[in-house]
Amino acid sequence: MKKAHGTPFRVYFHESHIEVTGTEFNIKSENIESEITLFTGSIIFQAEEGGKELPMKPAEHIVYNAHTKSIVCTNIDINEYDWRSNKYRFTDKPLQEFIEFINRSYHVNIIIKEEKLKKLKFNGTIHKNEPLTDIIEKICISLDLNEKQENNNIILF
């Protein structure tokens, strides 16, 4: 494959696209939600043709909802996720932050019962497509916690 000089390299998905300018990035696009993570270099995200361009810097993560047209940009620890092996590695990650990551990634609602538990540190590796039940088991075993199901929530205590 050869780049056409003067023509930008673009990746299109869900009526949006990114313009690539020499970089390492990851795109996950399912149904109406897309996630873009930039590891090195730079890209420019554009939600719709002619829409506002959003330049991304390394360690930025965008979640774009094509239905609501919402864009949420956050900073990530790029050392946590190795996109080449599909593994997430966590070292001394506060449990509350780890649970927020799991809730976003698995579209679930895990709740930490006590405030003091939110500050516990999680260490471990999970695979990108690892079943949620395995992840909850890892959390409970490594931090000596219990879990229960309440309505559509998973409670850690």
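The following exchange goes through a predicted model and explains how its features earn their names.

Reader: What kind of model is this, and what makes a value count in it?
Author: This is a predicted model, in which local features need pLDDT of at least 70 and side-chain atom pairs count only at pLDDT 80 or more, while totals for chains, interfaces and linings use all residues. Residues are numbered from 1 along each chain as its sequence is written, and side-chain values use heavy atoms, with hydrogens and water left out.

Reader: How many helices and strands are there in the protein chain, and what makes a stretch count as one?
Author: Helices (H or I, at least four residues) and strands (E, at least two) are DSSP runs, numbered from the N terminus. The protein chain has 2 helices and 12 strands, and along the sequence they follow the pattern β-β-β-β-β-β-β-β-α-β-β-α-β-β. The C-alpha atoms fill a box of roughly 55 × 30 × 25 Å along the principal axes.

Reader: Why is Tyr 81 called buried?
Author: A residue is buried under 20% relative accessible area, exposed over 50% and partly exposed in between, with a 1.4 Å probe and protein chains only. Tyr 81 has 7% relative accessibility, so the residue counts as buried. Tyr 81 lies in strand E7 (residues 81–82), and, leaving out residues up to four places away in sequence, Tyr 81 touches Asn 26, Phe 39, Asn 86, Lys 87, Tyr 88 and Lys 128, where a contact means heavy atoms within 4.5 Å. Over the protein chain, buried residues make up 34% of the 157 residues.

Reader: Are Cys 73 and Cys 140 buried or partly exposed?
Author: Cys 73 has a relative accessible area of 39%, and is therefore partly exposed, whereas Cys 140, at 12%, counts as buried. As for disulfides (pairs of cysteine sulfur atoms within 2.5 Å), the structure holds 0.

Reader: What makes Tyr 88 and Phe 90 a stacked pair?
Author: A pair of aromatic rings is described by the distance of the centres and the angle of the planes. Rings of Phe, Tyr and Trp (its six-membered ring) pair if their centres lie within 6.5 Å, and planes under 30 degrees apart count as stacked, over 60 as edge-to-face and the rest as tilted. The whole structure has 7 aromatic pairs; in one of them the ring centres of Tyr 88 and Phe 90 are 6.4 Å apart and the planes stand at 15 degrees, so the pair is stacked. Both Tyr 88 and Phe 90 are buried, and together with Phe 98, Phe 101 and Phe 122 they form one aromatic cluster.

Reader: How do you know that Lys 148 lies over the face of Phe 157?
Author: The rule asks for NZ of Lys or CZ of Arg within 6 Å of the ring centre and within 35 degrees of the ring normal. Lys 148 is at 5.5 Å from the ring centre of Phe 157 and is counted as lying over its face.

Reader: What makes E9, E12 and E11 a sheet with mixed pairing?
Author: Two strands pair if DSSP finds at least two bridges between them. E9 and E12 run parallel and are joined by 3 bridges, while E11 and E12 (residues 153–156) run antiparallel and are joined by 4 bridges. The result is an open sheet of 3 strands in the order E9-E12-E11, with mixed pairing. Strand E9 (110–112) and strand E11 (147–150) each have a single partner strand, so they stand at the edges, with one side of each left without a neighbour in the sheet. As for individual residues, Ile 110 stands opposite Ile 154 in E12, and Gln 149 also has Ile 154 as its bridge partner.

Reader: What joins E11 to E12 along the chain, and which residue in the turn has a positive phi?
Author: E11 and E12 form a hairpin with 2 residues between them, and Asn 151 in the turn has a positive phi of about 55 degrees.

Reader: Why is Leu 145 called buried, and which residues is it in contact with?
Author: Leu 145 has a relative accessible area of 8%, and is therefore buried. Leu 145 is found in the loop between H2 and E11, and its contacts, leaving aside neighbours within four places in sequence, are Leu 95, Leu 117, Leu 120, Ile 139, Cys 140 and Phe 157. Leu 145 and Phe 157 are 12 residues apart in sequence, and their C-alpha atoms are 5.7 Å apart in space.
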